[in-house]
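Subject: Structure handover

Hello,

Here is the structure I said I would pass on. My notes on what was found in it follow below.

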Amino acid sequence: MVIGLTGRNASGKGLVAEFLQAKGFDYLSLSDFIREEVTKRGHEVTRERLIEVGRDLRARFGNGYLARQILKQLDEDRNYVVDSFRHPEEVEEFRNRSDFQLLALEAEAKTRYQRIKARARESDPVEFEEFLRLEEEEIASKQSQGQKLEESARLADFTVENNGTKEELCAQVLSWLQKRTSQLSRPDWDEYFMRMAKVAALRSNCVKRKVAAVIVRDKRVVSTGYNGTPRGTRNCFEGGCPRCNQLADSGTQLDECLCSHGEENAITQAAYHGVSVKDGVLYTTFSPCLTCSKMIINSGIREVVYNLEYPLSDTSFQLLQEAGLVCRQFRVE
């Protein structure tokens, strides 16, 4: 999961980030990206300079720029805590991820001011009035590229009041986190195997179309195949298939194509290794052609699940239905 943090200065974002890091979350910060930029420009890192450079980056590259830079650093198989969301469009960039949740931290102004005085970093304001003045600039900048903390906080999935102790803050976050983890989702079997087929298609050596299939028995992959020229011959993209390399019109000169189809290769690979596909389910990135449909029927496969429909599939569908096979579409992007 990816947990974003937003909130006013000294509201407790750093403490929550430390707490989540101790729970195994990797830490990233939009503010750290700005700090690096300030340093590159040869300036002293101050609060005012951070606000100024952050505004400049948004003006030059869009309000979601900082978020997009952080998103590039995320791996799909890790948990992250991402600090310092300060603009609604930064939040919206992360909303494209289904595993993202935004946590807002709130605390009274006087409490936060005492924390500022205690930590004394990056030329923090000394007087309470200066603290309030700077905060007004952060809350709702009149410039579209400025910080808009209030608008960002309104987009939060959960808000934590942090006027007490560190232990009380961490207890609130832990309670929310436990509820959140109990609601985590994962792909169902159709999506799981279809995405495997899409990855297998990346191995295709055909210059016309990349297609792949996986055959599953008892929720276990027993064979995979992708389209391309036969074993031991030149790859299609190396000129191995004249028909494909001449970019023949779709549906024409099929009798001259030297490439085997993904479904065909999945079935023959199973035979090559002595693996039965009887009563299996075949997941394919495109619905099967007539030749592959005949092979699927005769191999004993009982179900075909396809992502996209091949243009010349009507006869194939009719034949599969007549043979008693289940044939259905399951789309993944």
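W176 counts as buried, because its relative accessibility is 9% and the cut-off for buried is under 20%. Please keep in mind that this is a predicted model. W176 belongs to helix α9. Setting aside residues up to four places away in sequence, W176 touches I3, Q101, L103 and F158. T159 is 17 residues from W176 along the chain, and the C-alpha atoms of the two are separated by 9.8 Å.

The same helix, α9 (residues 166–181), also packs against α1 (residues 13–22): the two axes come within 10 Å and cross at roughly 55°. The two helices are therefore oblique to each other, and α1 passes α9 in a right-handed crossing. On the α1 side the residues that meet α9 are L15, V16, F19 and L20. Their partners in α9 are K166, L169, C170, V173, L174 and L177. Sorted by class, this contact has nine nonpolar residues, one charged residue and no polar ones.

A second helix pair is α2 with α3, whose axes come within 9 Å and cross at roughly 95°. That angle makes α2 roughly perpendicular to α3. Here S31, F33, I34, R35, E37 and V38 in α2 meet R49, L50, V53, G54 and L57 in α3. The contact of α2 with α3 has six nonpolar, two polar and three charged residues.

Next, the nonpolar cores. As background, nonpolar side chains in soluble globular proteins tend to be buried together. In this model the largest nonpolar core has 23 residues, and those touching the most other members are V2, L66, V82, F85, F94 and F100. Two or more residues of this core come from each of α2 (30–40), α3 (47–61), α4 (65–71), β3 (80–83), α5 (88–94) and β4 (100–106). There is also a second, separate core of 17 residues, with M1, L20, F25 and L105 among its members.

Two residues of the largest core can be looked at in detail. What does F85 contact beyond its neighbours within four places in sequence? The list is G4, L5, T6, L30, E90, V91, F94, F100, L102, L149 and S152.

The other is F94, which is found in helix α5. Is F94 buried or exposed? F94 counts as buried, because its relative accessibility is 0%. With neighbours within four places in sequence left aside, F94 is in contact with V2, A67, I70, L71, L74, V82, F85 and F100. F94 and G64 are 30 residues apart in sequence, and their C-alpha atoms are 9.3 Å apart in space.

The last item is helix α12 (residues 262–272). Its buried residues are G262, E263, N265, A266, I267 and A270. What covers these buried residues? The cover includes the strands β6 (212–217), β7 (220–226) and β8 (281–286), together with helix α13 (290–299). Just after α12 comes G274, with a positive phi of about 70°.

If you want a place to begin, open the model at F94 and follow its contacts to V82, F85 and F100, which are also listed among the residues that touch the most other members of the largest core. From there, the crossing of α1 with α9 can be viewed through L15, V16, F19 and L20.

Regards

How values were computed: Residues are numbered from 1 along each chain as its sequence is written. This is a predicted model: local features need pLDDT of at least 70, side-chain atom pairs count only at pLDDT 80 or more; totals for chains, interfaces and linings use all residues. Side-chain values use heavy atoms; hydrogens and water are left out. A nonpolar core is a set of buried Ala, Val, Leu, Ile, Met, Phe, Trp, Tyr and Cys residues joined through side-chain atoms within 4.5 Å. Buried means under 20% relative accessible area, exposed over 50%, partly exposed in between (1.4 Å probe, protein chains only). Helices (H or I, at least four residues) and strands (E, at least two) are DSSP runs, numbered from the N terminus. Contact means heavy atoms within 4.5 Å. Axes are lines fitted to C-alpha atoms, for helices over the stretch in contact, and angles run from 0 to 180 degrees between N-to-C directions. Angles under 35 degrees count as roughly parallel, over 145 as roughly antiparallel, 65 to 115 as roughly perpendicular and the rest as oblique. A crossing is left-handed if the near helix is turned anticlockwise from the far one by less than a right angle, and right-handed if clockwise. Ala, Val, Leu, Ile, Met, Phe, Trp, Tyr, Cys and Pro count as nonpolar, Asp, Glu, Lys and Arg as charged, and the others, Gly among them, as polar.
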